[in-house]
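Reader: I've got this model open at my bench and I'd like to know what stands behind the labels. Can you walk me through it?

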Amino acid sequence: MVPLHNGQIMMTYRCSAACRHCLVMAAPGQDGALVSVEAAVQYGIDFAALGRAVLIAGGEALLYFEHVLEMVRALTAAGVPVAFVESNGSWCTSDDLTHERLSRLQEAGVQGMYFSVDHYHQEFVSVERVYRGVSIAWELFGREKVHPEELT
């Protein structure tokens, strides 16, 4: 795996899962407050000055898909690369929806995807949804830009 040098924007503490291991205590019942697009752009400019790209994460940032899309477009317009969006894949309920959303993220400037795959997440998110997200992301972004790189 290529070393990644990203600055993380934790967009929300709300999540579709309530994993026992969560270091940030994200969960479905958390406040739905979001990092503003303007603040994200400033953070991104600061990260870029340090030679870093942006990783957008949460909680589950893609609970707020349109906000993430707006954030990515604004970061890209400001010249800040968005290396990855991190997701647990809970939203990957159909091939069409998953392809449509990942395509829109890619068109906006996202370069790749992170998917959380482990015992804790799969207690709340079916592995079929995660596999769908990873498989379609492989098709769109290429395997080297999707983590996990392999599902075993």
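**The sheet and its pocket**

Author: Sure. Keep in mind that this is a predicted model. Its five strands form an open sheet in the order 1-2-3-4-5, with parallel pairing.

Reader: What makes strand 1 and strand 5 stand at the edges?

Author: Strand 1 and strand 5 (146-147) each have a single partner strand, so one side of each is left without a neighbour in the sheet. Helix 1 (residues 37-49) packs on that sheet, touching strand 1 and strand 2 (53-57). Its direction makes about 165° with that of strand 1.

Reader: How do you know that strand 3 and strand 4 pair?

Author: Pairing takes at least two bridges between the strands. Strand 3 and strand 4 (residues 113-115) have three, in the parallel sense, and Glu 86 stands opposite Tyr 114 of strand 4. Strand 2 and strand 3 also have three bridges, again parallel; Leu 55 has Phe 84 in strand 3 as its bridge partner.

Reader: Why is strand 3 called mostly covered?

Author: A residue is buried when its relative accessible area is under 20%. Five of the six residues in strand 3 are buried, hence "mostly covered".

Reader: What makes a residue part of the lining of the largest pocket?

Author: It needs an atom within 4 Å of a pocket point. The lining has 20 residues, and nearest the centre lie Cys 22, Val 24, Gly 58, Glu 86 and His 121. Strand 1 (6-10) and strand 3 (82-87) each supply at least two lining residues. The lining divides into 10 nonpolar, eight polar and two charged residues, and the pocket holds about 320 Å³ of space.

Notes:
Residues are numbered from 1 along each chain as its sequence is written. This is a predicted model: local features need pLDDT of at least 70, side-chain atom pairs count only at pLDDT 80 or more; totals for chains, interfaces and linings use all residues. Side-chain values use heavy atoms; hydrogens and water are left out. On a 1 Å grid over the protein atoms alone, a cavity is a set of points where a 1.4 Å probe fits but cannot get out, and a pocket is an open set with protein on both sides within 12 Å along at least five of seven lines; lining residues have an atom within 4 Å of a point. Grid points are joined across faces, edges and corners, and a volume is the space filled by probe spheres set on the points. Helices (H or I, at least four residues) and strands (E, at least two) are DSSP runs, numbered from the N terminus. Ala, Val, Leu, Ile, Met, Phe, Trp, Tyr, Cys and Pro count as nonpolar, Asp, Glu, Lys and Arg as charged, and the others, Gly among them, as polar. Contact means heavy atoms within 4.5 Å. Axes are lines fitted to C-alpha atoms, for helices over the stretch in contact, and angles run from 0 to 180 degrees between N-to-C directions. Buried means under 20% relative accessible area, exposed over 50%, partly exposed in between (1.4 Å probe, protein chains only).
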